[in-house]
Every structure is written in structure tokens, then in C-alpha cells.
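Hi,

Here is the structure I said I would pass on to you. Have a look at it first, and then read my notes below.

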Amino acid sequence: MGRRFAPLGLDEMEHAELTSLASRRSTAQALALRARIILACAEGEQSKVVAARLAIDPDTVSKWRLRFAEHRLEGLLDKPRSGTPRTIEDARIEAVIVRTLETKPADATHWSSRGMARASGLSVSTVQRIWRAFGLQPHRLETFKLSTDPDFVAKVRDVVGLYVAPPERAIVLCVDEKSQIQALDRSQPMFPMRPGQAARRSHDYKRHGTTSLFAALDIATGRVIGKCYGRHRAVEFRKFLDEIEAAVPDSLDVHLVMDNYATHKTPLIRNWLAKRPRWHVHLTPTSSSWLNQVERFFALITERKIRRGIYRSVAALRTDIKSFIELHNAKPKPFRWTKSADDILSSIERFCAYSLPAKA
């Protein structure tokens, strides 16, 4: 049995205030979480049940339940810290936060610390301290893209199921292509690194053509089957499938994880796969390249070899890519998949619930 707590007994005013804090998109997220904790506790749930629902530690639930029981709404605010007493009233701090979250300056898309200082009558350093305290960074902008695939859930469970419990007597290969890799040469010689000075290169470059890398990552061993082609059409993909067919023993089934790119679903590829019953295709959802483990290998080769490479011909670029794959396969190491399908879907659900604006 869990620890028993006295009922919180919310009145109408408290319930309305907590609901407002929990649902407002502009509320500081720490305060919004505390409001959601109290609302859940008021329903009579035990701390461990509330913690599981909100994906937080049970001790956190107990802390804010006790604080609210003792001080009610005032208990959800942070306690005063030691040091020089604040000279800025809570109302002015709240006004800065609300203005930062809910308004825009007339001459810009976001607030700067100097612009907010002029608008609020506070100093720049005071505005910066308030923003730091509440985790506000108006100058930063991150991107996201949610999949609109109607079979998103089923595909996530299918692909992640292969990663965490691969079938016996089979090989699971993550396949994709890194297209249009440019062979770039700098317009001037590069200056090497020296003590106190980073390596330097000219910002402009010369193009010497492109190549496309097709790769298949064995999730069990980390080994990679890779081949460069001049283009990335269905014809080249068919040739790469032949490379995989020749490399995989006939006694093993082949489970192929790939996206639904146009090159992968032409009649040429469909017919090739239909003639080989040991091949099984598992499609990732649209806009979900993060689910394909070979993308991690592409990030690796880009970071360690391609991005800072200097190539005066496509042949030199291909030689470097081939060399990297051979060295990688000499000491392969699989990427460790740690997220279950339920973890992924719960994370996306939380993102949609708390990050996306509510529809009118």
C-alpha cells in the first residue's frame, strides 16, 4: 500500500487557477507541471500513480502535494533564496514573462534583452536574469516535423520490434542512400592547426561533381555494405540490392528497413523483391528518418570524413568513402537502440499535448 495523504479538497477558485496554469501555453513549464501534479492528486490518486502518468519522480509529487496542502496556491511558488533581497516586485517579473511569451515587438519577430528593457523600464541585466531564471531564450528557434503517416503507430511498432527482438536465422539491414555528396576543393590552401589557433580554410570552394552513397547497416554487428553510384535512381538501387543479395548467406532471411522513397517502390524494385521470398520489407513512417539506424552511420561518415575533406575529383571522394567503410568494418560496433515503441509514442504524445498550440 502506498502512503496515505489527506484529501486536498480544492475549492472552485483553486481548481480554476490550477487549470489555467496547467493549460496556458505561455505558463512557465515548471509551474505548469506543479499545477498538473496538484490536479491529479486532487482526484485521489497515489503519488506513484501520478508520477507514472506525468513521467516524473514520485518524490517530486510528494513534495508539491505537501507544499500545496500546507500553503495552498502560494506553496507552488519557489521559496525565497538566500542573498540580497529582490528589489523587483513579482508583478513586474510576471509582466516581463507574459510579454516575452505572448507578445512581439513592433519591429521584430522576437524580443531582444535591450528591446524588452526599453519596453519594461528595467535594466538589460535584470531582463537577462529574469529570462535565465525562467529558461526563456527568445533568440533561439528549433525545428520539428511530425509524421502525418496514417500507419505511423503500426510502422513504429514494426520497426522498433525488429531492433529490440530481431528474428532468428535472419539479418536485419537498415538501408538508405546519402545522395548528392559533393566533391569540394577549397579555392586556397588550408592553414593547419597550431597552438592557440584553429585550423582555417577559405569559405569559398570549387565543385568537382557529386556521388551518391547507398548503404545497408547490419544492426546486429554494425557492419556496413556500401557502394557509390553516380546517380540515385531505381536502376542504381536495384544494383545495390544485388550487392546485398551476394553478401548475405542464402540460409538467412533478409529483413529490410527502408523509407517509402519513390526510388524504392518502382515496378523494377517491386518485381525484384517479389521474386525473392526470403526478403521482407519494413517501411519507416513518412518524415521519420530518425527511425532508420543507417542515418546514424551517415552522420558518422559526414562528421569524421566528408565535411572537412578536400577532394579534387569524384574518384578521390569515392576512394575516401570506401576507405572509411573498410576501416569501420574492421572494428564494427552496432548502435545500441534504447527506446521501446511505447517510449517513443508516449514522448510524441507529450510533445503534442504540451508544445503544439490548441486548435480553435
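If you take the contacts in the chain between residues at least 6 apart in sequence, 67% of them join residues at least 24 apart. Keep in mind while you browse that this is a predicted model.

**The whole chain**

You can pick out 13 helices and five strands in the chain. Its radius of gyration is 28 Å, while the globule rule gives 21 Å for 360 residues, so the chain is more spread out than a compact globule. The C-alpha trace spans about 70 × 60 × 40 Å along its principal axes. As for what is covered, 35% of the 360 residues count as buried. The chain exposes about 22500 Å², and carbon and sulfur atoms supply 52% of that area.

There is also an annotation from UniProt, in an unreviewed entry: "domain: Tc1-like transposase DDE", covering residues 172-315. Over that stretch the chain is 26% helix and 32% strand, and the C-alpha atoms at its ends lie 31 Å apart.

**The sheet**

In what order do the five strands of the open sheet sit? Going across, you meet S3-S2-S1-S4-S5, and the pairing is mixed. S3 (224-229) and S5 (279-283) are at the edges with a single partner strand each, so one side of each is left without a neighbour in the sheet. From one strand to the next, the twist averages 25 degrees.

A bit of background helps here: strands of a sheet pair through backbone hydrogen bonds, and they can do so either parallel or antiparallel. Both kinds turn up in this one:

- S2 (residues 205-218) and S3 run antiparallel and are joined by six bridges. Look for alanine 216, which stands opposite isoleucine 225 in S3.
- S1 and S4 run parallel, with five bridges between them. Here alanine 170 is opposite aspartate 253 in S4.
- S4 and S5 run parallel too, again with five bridges. Leucine 256 has valine 281 in S5 as its bridge partner.

S4 (253-258) is mostly covered, with five of its six residues buried. Now find helix H9 (residues 234-247), which lies across S1 (170-186), S2, S3, S4 and S5. Its direction is at about 150 degrees to S3.

**Two residues in one loop**

The loop between S5 and H11 is worth a visit. Threonine 284 sits in it, and so does serine 288, with helix H11 spanning 294-306.

Is threonine 284 buried or exposed? Its relative accessible area is 3%, and buried means under 20%, so threonine 284 is buried. Leaving out residues up to four places away in sequence, threonine 284 touches Lys155, Val159, Val257, Met258, Asp259 and Leu291. Val257 and Met258 are within the 253-258 range of S4, so you can use that strand to find your way to them.

Serine 288 has a relative accessibility of 2%, so it counts as buried by that cut-off as well. Which residues is serine 288 in contact with, once its neighbours within four places in sequence are set aside? They are Ser147 and Phe152.

Enjoy exploring!

Methods. Residues are numbered from 1 along each chain as its sequence is written. This is a predicted model: local features need pLDDT of at least 70, side-chain atom pairs count only at pLDDT 80 or more; totals for chains, interfaces and linings use all residues. Side-chain values use heavy atoms; hydrogens and water are left out. Two strands pair if DSSP finds at least two bridges between them. Helices (H or I, at least four residues) and strands (E, at least two) are DSSP runs, numbered from the N terminus. Axes are lines fitted to C-alpha atoms, for helices over the stretch in contact, and angles run from 0 to 180 degrees between N-to-C directions. Contact means heavy atoms within 4.5 Å. Buried means under 20% relative accessible area, exposed over 50%, partly exposed in between (1.4 Å probe, protein chains only). The radius of gyration is taken over C-alpha atoms; the globule rule is 2.2 Å times the number of residues to the power 0.38. Accessible areas come from the Shrake-Rupley method with a 1.4 Å probe; for residues, only the protein chains shown count as cover. UniProt positions are given in the numbering used here, feature names are shortened, and annotations may be inferred rather than shown by experiment.
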